[in-house]
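Subject: Structure for your review

Dear colleague,

Please find below the structure that I am handing over to you. My findings follow it, arranged by topic.

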Amino acid sequence: MDTLQALLARAADEPIMVVLILLAASLVAVPIFQRFGLGAVLGYLGAGLVIGPLTGLVSDVASIATVAEFGVVLFLFIIGLELKPSTLWSLRRSIFGSGGGQMVGSTALLFVAGWAFGLSWQAALIAAWALALSSTAIALAILNEKRERETPHGRASFGILLFQDLTVVPLLAIASFLAPLGAGGMGLADAGIAVAAVALLVVLGRFAINPLFNMLARTKVREIMTAGALLIVLGAAFLMDQANLSTALGALIAGVMLSESDFRHQLEADIEPFRGLLMGLFFLTVGLSIDLDVLIGSFGLIVAVTLGGVAIKFAVTYTFERFMGQTHACSAKAAAYVCQFGEFGFVVFGVALAGGLIDGTLSSVLASSVALSMALTPVILNVTYKLTSGQKAETMEEDYASADARVLIIGFGRFGQFVSQTLLSGGERVTVIDLDPNRIREAKRFKARIYYGDGTRLDILAAAGIARAEALVVATDDRETTTRIVAAVREAYPNLPIFARAYDRGHALALYRIGAEATVRETYHSSLEMGRQVLMGLGHSEAEADDRVGDVRARDMKRLAIQAKEGIMAGMDLIYSNGMTPGKPAQDTMPSPVPEPLSGNEGEAEALSEATEALTKDTKDPT
């Protein structure tokens, strides 16, 4: 028995064996936790606890944590890619209202609690501020897993988390006045360096990154684009780390700087595989880092700190969300997402320990409380959801016996309604399904027959007659839902023509790649019609306005077909330019000559036909 244990211990020290153990533990634990509705995050935490503190199979936590931290970095970069400056501005109320209130209120109450239990005011302040921070990685990972980022409580939670990240610099600056400068604090000079590093990152992101990717795109080598993406993310993280700031903050800023770039979708696709794997590794290391000796020896104190701190943060967040006008359910869910302690607490407690503000025992207790609160997050969320839901989401009994039309439409919002009207005017029979009971009841007022059903489920589609249909229209308003439906239907019904609503150009290209017959971007035709109306309002004849719209449409389709083969920056010569000279007023610049429209030379119908044929052929080519 001793020999077997020795062999296992020696094997566990081999890097390849460590990797095998981590993968095996994840493959076993995550499906089990998912099966019981506890979520993947808690599965990773549980797996780390078992293979680390409980069995000792993996002991070199520091080496693993160094790699795992990149999971958080890549995760925050992808979040930043989705945050256009306009989106951040729309969240300003959540960021500075709810976020500011939550941070100030939580820090104040936690400070009073720490001081009352005998901590010095310096130690109480640092500990309270650190515990007031939440785990961005865990909260956003669960929000994404539940697809609730754009819900009211999702946006509120994100605003709070973003404000917390912004307080990292002041926290380290204050620590400099409480701890000796040589022991990990941040002096005024260091604070100036931190601000300068952020400014440098913003300038580079604004003026250097897009030209870099333009150059890389011209090589037409995909792995070079991936290498460039990783260089940007890790470079930004390194710059922030050298300035004593959060590496995740650097990745977030880099993502925001690229959020309006033409390469945003390409970057997201390249980074996503690395992000998912490393995020799982990060949660594993949290479980690995739990100190069982401290956990057992100071179990009562750790539980008290964890439950008391979580309760304080929950109450403060809920109160401020209600003050900001949110509903009871939204406020409670937002509070549940941010009531745990954050991973940045590990860093702060290390600085405080090095500076002599807290002792080793207190540092271990606080670190264990952070890990325990992270592990409790999925449980708190499950309880909160059950208590606030009141009742299950409304469903409707449905009979698809008469659903045998030639065209099946999924989604009956403002987009799907006009699609169905057009088809009905042509004498076609249509079957429409939607998941919103209120919308279905509203449709009945206008004598429309809509079936209740989840369009992402193949069994529902089969019951609705998809096997007999000659065309499928996916008119759902969520990008991920649309993509999931198209992919599933194309695999199950390879010969069925699929016509899909696309969010934007990148989404349209993605839908073509997975098998859509044709796509229509949400604002495409309405914006063309607006341009036509403006031309006529400026004195152009109706025939000329129609020709110009046809020309733009033909050029756009040609460009889309080229982009499907060569990348998002291809086909630039097909775009009209206003010909303005940088730095000169518009009135001092002669307009560019107006080219002959494509529709006049080749014929719009022929151009559209050729482009569509090339697009569907090239995007469906597996090579």
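Which residues are linked with Glu-529 in a network of salt bridges? The network joins Glu-529 to Arg-532, Glu-542 and Asp-546. Please bear in mind throughout that this is a predicted model.

Overall composition

The protein chain has 623 residues, and 46% of them count as buried. Its secondary structure consists of 29 helices and six strands. Among the contacts with a separation of 6 or more, 73% are between residues 24 or more positions apart. The chain has an accessible surface of about 30,800 Å², and carbon and sulfur atoms hold 62% of that area.

Salt bridges

Across the whole structure, the search returned eleven salt bridges. Besides the network described above, three pairs may be of use to you.

Asp-556 takes part in two of these pairs, one with Arg-505 and one with Arg-521. In the pair with Arg-505, the N to O distance is 2.8 Å. This pair connects distant parts of the chain, since Arg-505 belongs to helix α25 (residues 505-513) and Asp-556 to helix α27 (residues 542-566), 51 residues apart. Arg-505 and Asp-556 are both buried.

In the pair with Arg-521, the N to O distance is 2.5 Å. Here strand β6 (residues 518-521), which holds Arg-521, is linked to helix α27, which holds Asp-556; the two residues are 35 residues apart. Arg-521, like Asp-556, is buried. Arg-521 has a further neighbour of note: it lies over the face of Tyr-524, 4.5 Å from the ring centre.

The third pair is formed by the side chains of Glu-428 and Arg-406, at 3.1 Å from N to O. Both residues are in loops: Glu-428 in the one between α21 (414-425) and β2 (430-434), and Arg-406 in the one between α20 (360-389) and β1 (407-410), with their positions 22 residues apart. Glu-428 has a relative accessible area of 26%, so it is classed as partly exposed. Arg-406 is also classed as partly exposed, because its relative accessibility is 41%.

Aromatic rings

The structure contains one aromatic pair. It is made by Phe-111 and Trp-115, whose ring centres are 5.5 Å apart; the planes meet at 40°, and the pair is therefore tilted. The two residues sit in helix α6 (residues 92-116), four residues apart, which is about one turn of the helix. Trp-115 counts as exposed because its relative accessibility is 52%, and the cut-off for that class is over 50%.

A charged residue over a ring is also found at Tyr-385, where Lys-333 lies over the face at 4.7 Å from the ring centre.

Nonpolar cores

The largest nonpolar core comprises 57 residues, and those with the most contacts inside it include Leu-131, Phe-283, Tyr-337 and Phe-349. Helix α7 (residues 121-132) makes the greatest contribution to this core, with ten residues. Beyond its neighbours within four places in sequence, Phe-349 is in contact with several residues, among them Ala-127, Ala-130, Leu-131, Ile-358 and Leu-366. A second core, separate from this one, has 36 residues, including Ala-29, Ile-51, Ile-209 and Ala-254.

With kind regards

Notes
Residues numbered from 1 in each chain as written. Predicted model: local features only at pLDDT ≥ 70, side-chain atom pairs only at ≥ 80, totals over all residues. Heavy atoms only, no water. Buried < 20%, exposed > 50% of the residue type's maximum accessible area, 1.4 Å probe, protein only. Contact = heavy atoms within 4.5 Å. Areas by Shrake-Rupley, 256 points an atom, 1.4 Å probe, with all protein chains shown as cover. Salt bridge = Lys/Arg side-chain N within 4 Å of Asp/Glu carboxyl O. Phe/Tyr/Trp six-rings, centres within 6.5 Å; stacked < 30°, edge-to-face > 60°. Lys NZ or Arg CZ within 6 Å of the ring centre and 35° of its normal. Core = buried A, V, L, I, M, F, W, Y, C linked by side-chain atoms within 4.5 Å.
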